[in-house]
Each structure stands twice: as structure tokens, then as C-alpha cells.
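Please read the following notes beside the sequence and the structure. Each point takes up one topic.

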Amino acid sequence: AAAIRTYRSICIEASPSQANAQATEAAIAKLCALYTKQHDANALAKMLTELRPFFAVIPKAKTAKLVKNIIDAVAKVPNTTKLQVQLCREQAEWAKAEKRSFLRQRLELRLATLLLELCDYAPALTLITRLLTEVKRLDDKLLLVDIHLVESRVYHALRNVAKAKAALTASRTAANAIYVPPTVQAHIDMQSGVLQAEEKDYKTGYSYFFEAFEQLGALDENVLALRGLKYMLLCKVMGGQAHEVANIASTKGGVKYAGRDIDALKAVAAAHKARTLKDFEVAKKDYNDVLTSDAIVDGHLRVLYDDLLELNVMRLLEPYSRVDVSYVASQLELESGMVEAKISQMILDKKLDAVLDDAGVLKIFSEEASKGGYPDALDTIGNLDKVVSALFVRSAKLMAS
């Protein structure tokens, strides 16, 4: 408390001046660290308003840096996303009133990113569209890279892969014209990997995630590097190379990030390798918090579960020509309705040649039966039709002569 009072007396209560700016900035940094340690997000938010007299006497670039640092400090406090949205809106309005375009544009980009995290896609897209129009006129390439990158993530969240790829291409084009910081390049690689995985090109996706993982690891961005490693392992599982997951996780780079996140994907890989739904269900139950917290991992695992269920259903049905769906469900240890829905989908997709009656009994046609006399009979009838038609034409000609 004494340290907080001391730092507040230097950076907030003292008269703002350019002369003691360096000492004030140091005090602001120390005060932010103390508030962050105490998880006092409201005190950090209040600082942004209290420091406005000081912001008026220092260069605009330094103001932008300090505002960013304070909002970054708020972000380190758990469950403050909505507070960050409020701060970004308030500070953007203040920057607009003070005609600080550089600061306002970056605050609005951060606001769009936060809205994406909150799944509030429409306002995020509106903000990005307006920012793009404005920044293109200024030709600020680095800011354009970031804006297009966020745009790509928003479109991907909306399941519009075509527009997500177009936005990523625009981001890459802008990045090629300038020097891009390694962190930004890693974000581009990460998004590229996400979109490649979305199109089921897991080999290319893995290579992009590997590039991002190495860059982020070298920069000590451990949270983002861990995400890159998770996506690398996910690509191996989805690409049918689950046996390689344990080896990648046990490398020097992988051991550094050992924990529940990596253990969860190792458990999923083991279940996929064994081709058992029960093990997959156990892995999902044991690591539910980890697997469902990441939308990308969760989405791909849903597809993986669906494929694994289909594989197990086909394996169970192989020896039967008639079977009760409830029996199949009991063997899979799943609900009868879920299995019935899956079998119906497989029949509609023509992956299974069968008929499901109202009593829940499945009649399966063998491959030999489906290729039996019926197609041949149809071919014979077709040929007879041609012969009769030809004879009719000839007889008509003879009658005419």
C-alpha cells in the first residue's frame, strides 16, 4: 500500500510536466505491475482517466504506448474481457476527441479482436470494414496486416472460409511490402495453418504451425507457442498419423510445454490409434475443460469423433444382414437415438447400402446382392428396347415402300 501511494504521488498527484516525464513513466510501469499482482483491474482502468493531464504534455507516440501497456496490464487479470471492451471504447472516443488518429485506430483494432473473443461478430466486422477504408488511404502497411489478419479470423469463426482466405492473402500481400515483426509473422503462419486444416490439408497445416511454434518459442511467447504445438499435434491426429504425437510431445521443444493441454491430445491420439470410441469418450471426459476451451480443437475433434463413430458402426455391421439398432448402440455403449441418426445419415450419404424400418431394424444389402441380377436385367431390357425400336423402324420403311 505504501509503494502504491508513493508511485501514485509521482505519476498522478504531481503536476504533469515534460521535465519529469521519464520518472513518471517508470512510476506508471511500477504501479501497473503492483495493480496487476493484486488483480485490481478497476484501479488500472481508473489510471487511464487519471493520467490524461500527463498524456497532454508528452508526445502522442508515448501516449499510445502507455495506453497500450495499461490495457495489456488489465488483460493479465483473469475475466476482464468485457472491461477491456469498455476501456477500448472509452479511450477510442477520447482519442477521437483529441484527434489522435494513430492511437484511435489501434484501439479500435484491439476492440475488434476483443469482440471476436466474445463471439460478437457483426460489430467486429463493421469496425474492421470502417478501419480498412480509413487505413488504406493512409497506406499504413503494418496496421493493414493486423486488420486483415483479424478480419480473416472473424470470417473463419463465421465459417466463411473463402473470405477468410481472401483476407489472409491481403494480409500476406501487405506483409511482403514491409518488414514484419516476428510475432506478427507467427500470427500469419498460425492463421494459415488453421485455414489449411479447415480444408483437410493437414500436412501443409502442420508445416505452418511448426513455423509459428518455432518463432513464438524463440520469442518466449509461451502461451501462443503452446497453442501452436497443440495444433501441430491435432494435425497429426487428424491426418491419420496419431502414432507420431507421443514422439513430437517428447522432443526438447515439446517437453517445455508439457501439461494438461498436451496430455489431452496424447489421450485423443491414443484413442484414435486404437480406433475405440470408449477411449475417445474417456479422453473427452477427463480433459473436457482443455479440449472444449479452444474452438479450433473442439471443432476438429467433433469431426474426428464422427469419423470414428462411422468406422466403428461399419465394423459392427459387417457380419450382419439384419440387425437391431438398439443392439448396435449397446455394443458401442451409446444412446440408441444417436446411433440411429448416424446410420440414417450414412444411408443417405450412400456410405451404407441398407434400409432402416420403423421398428428400428436395419436390413443390410450385401455388395454381391446389390451387384446381382437386377442391373443385368435392366441392361437386357434396355437392349431389347433398342432391338424392338430398330425392327419397328424397318417395318415402317417396308410398309411405306
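1. Helix H13 covers residues 222–238, where helices (H or I, at least four residues) are DSSP runs numbered from the N terminus. At 1.5 Å a residue its 17 residues should span 24 Å, the expected span being 1.5 Å times one less than the number of residues. The end C-alpha atoms are 24 Å apart, which agrees.

2. This is a predicted model, in which local features need pLDDT of at least 70 and side-chain atom pairs count only at pLDDT 80 or more, while totals for chains, interfaces and linings use all residues. Residues are numbered from 1 along each chain as its sequence is written, and side-chain values use heavy atoms, with hydrogens and water left out.

3. Of the 17 residues of H13, 14 are buried (under 20% relative accessible area, 1.4 Å probe, protein chains only), so H13 is largely enclosed by the rest of the structure. Gly240, which follows H13, has a positive phi, near 80°.

4. Ser171 belongs to helix H10 (residues 161–176). Ser171 is buried, with a relative accessible area of 0%. A polar atom of its side chain lies 3.0 Å from the backbone oxygen of Val145. Neighbours within four places in sequence aside, Ser171 is in contact (heavy atoms within 4.5 Å) with Val145, His148, Leu149 and Ile188.

5. The largest nonpolar core (buried Ala, Val, Leu, Ile, Met, Phe, Trp, Tyr and Cys residues joined through side-chain atoms within 4.5 Å) has 65 residues. Ile28, Leu44, Met47, Leu51, Phe55 and Ile147 touch the most other members. Apart from this core lies another, of 59 residues, including Tyr206 and Leu234.

Definitions and conventions. Helix = DSSP H or I, 4+ residues; strand = E, 2+ residues; numbered from the N terminus. Buried < 20%, exposed > 50% of the residue type's maximum accessible area, 1.4 Å probe, protein only. Polar contact = N/O pair within 3.5 Å; in protein donor to acceptor, adjacent residues only side chain to side chain.
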